[in-house]
Structure formats: C-alpha cells, structure tokens
Amino acid sequence: MTESQNPCALRESADVIVLGAGPAGLVLGNLLHAAGIDCVLLERASRTHVQTRARAGFLAPDTGRILDRHGLADGLHRRGLRHGTCEFRTEDGRFRLDYGSLGQGGQHHVYPQQNLVTDLLTHYLDRGGRIRFQTEALAVRDADGTRPYVTTREPDGRPTRWSARYVAGCDGRHGAARRSLPPGAVRHHHDHGVTWLGLLAEAPPSLDAVGYAVHDRGFAGHMARTADVTRYYLQWQRGIPADAWPEQRIWDELDVRMRAADHGPLHRGTLRERGIFDLTCDVIEPLRHGSLFLAGDAASLLAPAAAKGANLAVLEAEILAGALTDALTRGDTAGLDRYSDQCLAHIWRAQEFTGWMTRLLHTAPDGDQDAGSFFHAALRRSRLASLRTSRIHQEWFAENYVGV
Ligand code: APR
C-alpha cells in the first residue's frame with residue numbers, strides 16, 4: 001500500500017496528547033511542559049484565530065493565584081484591571097455590592113480571554129512547547145487500554161495517528177473528546193430557557209461596576225472589557241436572529257432596561273460583534289474514561305450568567321496537570337483516580353450558583369407557564385430585596401461570585 005492509500009500513514013506520539021488550545025489546554029500544556037512531561041497540543045484552528053477569538057474576560061482571584069503559582073500571570077498583572085463591585089438596577093432603585101471587600105470574596109481580574117490565551121501560548125512556545133495548529137482531532141480510540149490514540153486531519157488534509165499514554169480532552173463542547181466517549185458516559189443537560197444577545201461595543205464602560213439590570217422587559221447586563229470596549233447583554237427572545245434589530249433600537253432598549261433616565265446615560269458606540277447565547281448547561285459524568293480525561297468546556301458547559309467557565313477550565317487544568325505528572329514521573333496514579341470526583345464537586349457548585357444567578361436576573365424563561373406572571377416577578381423581587389438588605393446573603397453572594 002502506498003502512503004496516500006494508507007488512511008493513517010503518518011504516526012506520531014507523545015506521553016500526553018492535549019486536544020485544544022483554549023484556556024484549559026494551554027494551562028495544562030504549560031504545566032506539563034514545565035514538569036518535563038513529553039506532551040503535544042493539537043489545535044483545530046490557526047494561531048491567529050485562537051489568539052483573536054473574543055470570549056469571556058472575568059477571572060476569579062483563585063484563577064489569578066493559580067496562574068501566579070506557575071509564573072503565567074505577568075500579562076494579567078500588567079494589563080488586567082481589578083474589579084470588585086457590581087451594581088443591580090431594579091424597579092426599587094439601584095444598589096451596589098462591594099463583593100471584593102465582603103467575607104471571603106476578593107476582586108476579579110478583568111482580562112479579555114484572547115489576551116490570556118495569547119500569553120499562555122507565547123509562554124508555552126518560548127519554552128519549546130510542542131503544538132500543531134490547524135490539526136483537527138477526529139476521534140480518540142482505545143481509551144480503555146494503556147495505549148490510546150487520536151486520529152487527526154493535518155493542515156494538508158492527510159490523516160495522522162497520534163499515540164499516547166494519556167489523552168486530555170480540552171477541545172470544548174463540540175470537540176473530538178466528547179464525541180469519543182463510551183456509552184457509559186452520561187451527559188446531564190439543562191436548559192435555563194433564557195437567551196442572551198451578546199454585544200461588543202466600541203465604547204468606554206458606562207459605569208465603574210458590573211451592571212445587572214433586572215427589568216420587566218428582560219435582563220440587561222454591562223461588563224467593562226477595556227477602556228474602549230464594553231460588553232453588553234440583552235435578554236432576547238429565542239429564535240430571533242442577532243441582526244434583527246438596528247443599532248439604534250438596541251441602544252434604546254439598553255437605555256430602557258438599564259434605566260438610563262434615572263441613573264445616567266450609556267456611552268454609545270459601534271456594535272462590533274453580536275452573538276446569540278442560549279443559556280444551557282451540561283455536565284459529563286464521569287470526567288475520566290480510562291486514559292481519556294475531560295477538562296474545561298469539554299467537561300462541563302456553564303451558562304454565562306456567573307462567568308465561571310474559564311475559571312473552572314484553569315482549575316481543572318491545574319488539577320489534571322498535577323495528577324498526570326505524578327502518574328508519569330512517579331507511577332502514582334491516585335490523583336488520576338480522584339480527578340473526576342474532585343472536579344465534579346467544583347463543577348456542580350458552579351452550576352448551582354449559575355442557576356441561582358440566572359433565576360435572579362431574568363424575567364420568566366421562554367415556555368414557562370408563569371411567564372410574565374405576578375408570581376415569578378414577586379419571587380425575583382423578594383430575592384433581590386434579600387440581597388440588598390441581608391449582610392449574610394451578601395457575604396454568601398460574594399463568596400460564590402468570585403469562587404470556583
Ligand atoms: N481538534 C482540535 N482542536 C479542537 C477540536 C478538535 N476536534 N475541536 C475544538 N478544538 C479547539 C478549539 O478550536 C478551541 O481552541 O479546542 C479549543 C477549546 O477551547 P475553548 O472553547 O476556549 O474551551 P476551554 O479551553 O475549555 O475553555 C473554557 O472559557 O470563556 C470560557 O466558555 C468559554 O469557555 C470557554 C472557557
């Protein structure tokens with residue numbers, strides 16, 4: 001058989017194959033490489049695409065500490081902003097929570113995810129880390145044995161087979177790791193029934209806090225990204241395309257829901273990006289299938305209401321890196337055995353708080369029989385009143401809001 005006829009003529013190997021170069025894969029790759037583990041990252045997209053994809057931007061104090069611990073936080077400290085206040089705007093007026101100084105809280109770092117990804121990638125490559133861009137993982141095979149392998153499509157279209165001792169699936173919600181799970185894997189799925197229109201505005205932030213506007217017409221959110229760019233969200237009717245409204249109407253609606261007439265005007269600017277986000281979530285259980293381990297979005301999707309996704313991804317990557325290093329350098333596999341239970345405890349905690357935030361901020365979900373009903377609105381109002389007036393409730397919020 002000639003090479004072009006053989007479906008997997010090219011063979012390569014590493015001790016650990018990491019699928020995906022998002023926050024999870026890049027933290028894992030950096031930590032493994034620093035520990036002297038032979039690893040390779042396989043990334044479907046180009047380097048430019050990975051470094052410019054706008055995603056989340058809110059990093060919890062624990063995430064900063066993890067990055068610090070491994071010398072990965074230089075950019076975060078140089079260019080990130082600190083943030084410790086959120087402002088709720090409701091029919092009963094507005095109130096601020098200085099969560100950064102409450103209880104066990106702490107301040108967020110506001111640092112666009114593409115900057116973090118760029119830092120992590122540069123750090124990895126500068127130290128000789130191996131990565132293949134435009135290399136799509138197709139499937140993970142033989143994960144139940146001691147020599148799993150990954151089939152890939154190389155940039156030139158050639159199929160390749162990568163064999164390893166372990167495979168880390170950090171390739172997100174639509175990646176090959178999820179597609180390769182055995183029948184025993186369970187995906188717990190939940191739809192919060194809410195949709196957001198996400199907007200990236202070329203405009204300076206309009207308030208010096210994260211803004212959560214709770215309004216009968218639906219939620220509106222305000223999140224600073226940089227001095228010139230602000231993220232806005234509008235609760236949106238599911239099924240309506242992102243470009244259905246002209247810019248003027250979007251800004252007018254943001255004004256109404258953010259109650260600009262009472263609390264000051266919003267800084268308007270060109271809307272550079274629009275995206276639809278259905279607030280759905282899921283958890284894969286367990287996170288280990290033989291030699292295949294899931295981390296980040298591949299392990300669990302979170303609705304963006306509490307900005308936990310990137311933070312969980314970094315935490316799981318650190319835990320997995322330690323466990324893989326112990327296994328490969330000392331033959332100690334206890335960490336790998338614990339990995340799934342340990343991460344699932346964090347994941348379910350984050351899912352619970354995200355669900356609570358989602359119920360706090362939105363009018364009744366699409367399809368809810370109580371939609372628009374007095375009952376749903378009254379519960380929401382009571383929850384907000386408790387958060388406004390109860391110190392214990394505020395401390396609970398602060399701890400959960402910044403923690404993972
Ligand atoms: N083969 C190789 N790479 C793949 C494949 C594949 N089949 N499928 C996806 N990828 C790559 C994507 O191109 C992406 O770069 O995997 C990477 C996954 O990165 P993220 O989606 O950023 O996921 P993760 O690293 O788990 O980060 C978690 O932070 O902002 C949050 O929700 C956001 O949420 C992302 C998160």
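This briefing describes the surroundings of a ligand, the sheets and hairpins of the protein, and some details of its backbone. The structure is a predicted model. The ligand has 25 residues around it, and the protein covers 92% of the 720 Å² of accessible area that the ligand has on its own. Among the sheets are an open sheet of eight strands with mixed pairing and an open sheet of three strands with antiparallel pairing.

**The ligand and its shell**

- Glu43, Arg53, Gln113, Ala137 and Asp297 come nearest to the ligand among the 25 residues around it.
- By character, the shell around the ligand consists of ten nonpolar, eight polar and seven charged residues.
- Helix 1 (23-34), strand 10 (136-141) and helix 9 (309-330) each contribute at least two residues to this shell.
- Helix 9 gives the largest share of the shell, with three residues.

**Polar backbone atoms beside the ligand**

- A polar backbone atom of Pro23 is 3.2 Å from an oxygen atom of the ligand.
- For Ala24, a backbone N or O atom is found 3.0 Å from an oxygen atom of the ligand.
- At Ala137, a polar backbone atom lies 2.9 Å from a nitrogen atom of the ligand.
- With the protein in place, 92% of the ligand's own accessible area of 720 Å² is covered.

**The sheet of eight strands**

- The strands of this open sheet follow the order 7-6-15-16-17-14-18-21, and their pairing is mixed.
- Its edges are formed by strand 7 (93-97) and strand 21 (300-301), each of which pairs on one side only.
- Within the sheet, strand 16 (residues 220-224) and strand 17 (residues 230-236) run antiparallel and are joined by five bridges.
- One of the bridge pairs consists of Ala224 and its partner Thr230 in strand 17.
- Helix 7 (residues 247-257) packs on the sheet and touches strand 14 (186-202), strand 15 (210-213), strand 16, strand 17 and strand 18 (270-285).
- The direction of helix 7 makes about 85° with that of strand 17.
- Helix 12 (residues 391-402) lies across strand 6 (86-90), strand 7 and strand 15, and runs at about 120° to strand 6.

**Strand 6 and strand 7**

- Five bridges connect strand 6 with strand 7, and the pairing is antiparallel.
- In this pair, Leu97 of strand 7 stands opposite Cys86.
- The two strands form a hairpin, with two residues between strand 6 and strand 7.

**The sheet of three strands**

- The order in this open sheet is 4-8-5, and the pairing is antiparallel.
- Strand 4 (58-59) and strand 5 (81-83) are the edge strands; each has a single partner strand, so one side of each is left without a neighbour in the sheet.
- Strand 5 and strand 8 (residues 108-110) run antiparallel and are linked by three bridges.
- Leu81 has Val110 in strand 8 as its bridge partner.

**The hairpin of strand 11 and strand 12**

- Strand 11 (residues 149-153) and strand 12 (residues 159-163) are antiparallel, with five bridges between them.
- Arg153 is partnered in strand 12 by Pro159.
- Five residues lie between the strands of this hairpin, in which Gly157 takes a positive phi near 90°.

**Backbone details in loops**

- Most residues other than glycine have a negative phi, and most peptide bonds are trans.
- Glu285 and Pro286 are joined by a cis peptide bond, with omega about -5°.
- Pro286 is placed in the loop between strand 18 and strand 19 (288-289).
- Gln134, a residue other than glycine, has a positive phi near 50°.
- The loop that contains Gln134 is the one between strand 9 (130-132) and strand 10.
- Strand 10 is also one of the elements that supply at least two residues of the shell around the ligand.

Terms used. Residues numbered from 1 in each chain as written. Predicted model: local features only at pLDDT ≥ 70, side-chain atom pairs only at ≥ 80, totals over all residues. Heavy atoms only, no water. Near = heavy atom within 4 Å. Polar contact = N/O pair within 3.5 Å; in protein donor to acceptor, adjacent residues only side chain to side chain. Areas by Shrake-Rupley, 256 points an atom, 1.4 Å probe, with all protein chains shown as cover. Helix = DSSP H or I, 4+ residues; strand = E, 2+ residues; numbered from the N terminus. Nonpolar A, V, L, I, M, F, W, Y, C, P; charged D, E, K, R; others polar. Pairing = 2+ DSSP bridges. Contact = heavy atoms within 4.5 Å. Axes fitted to C-alpha atoms, helices over the stretch in contact; angles between N-to-C directions.
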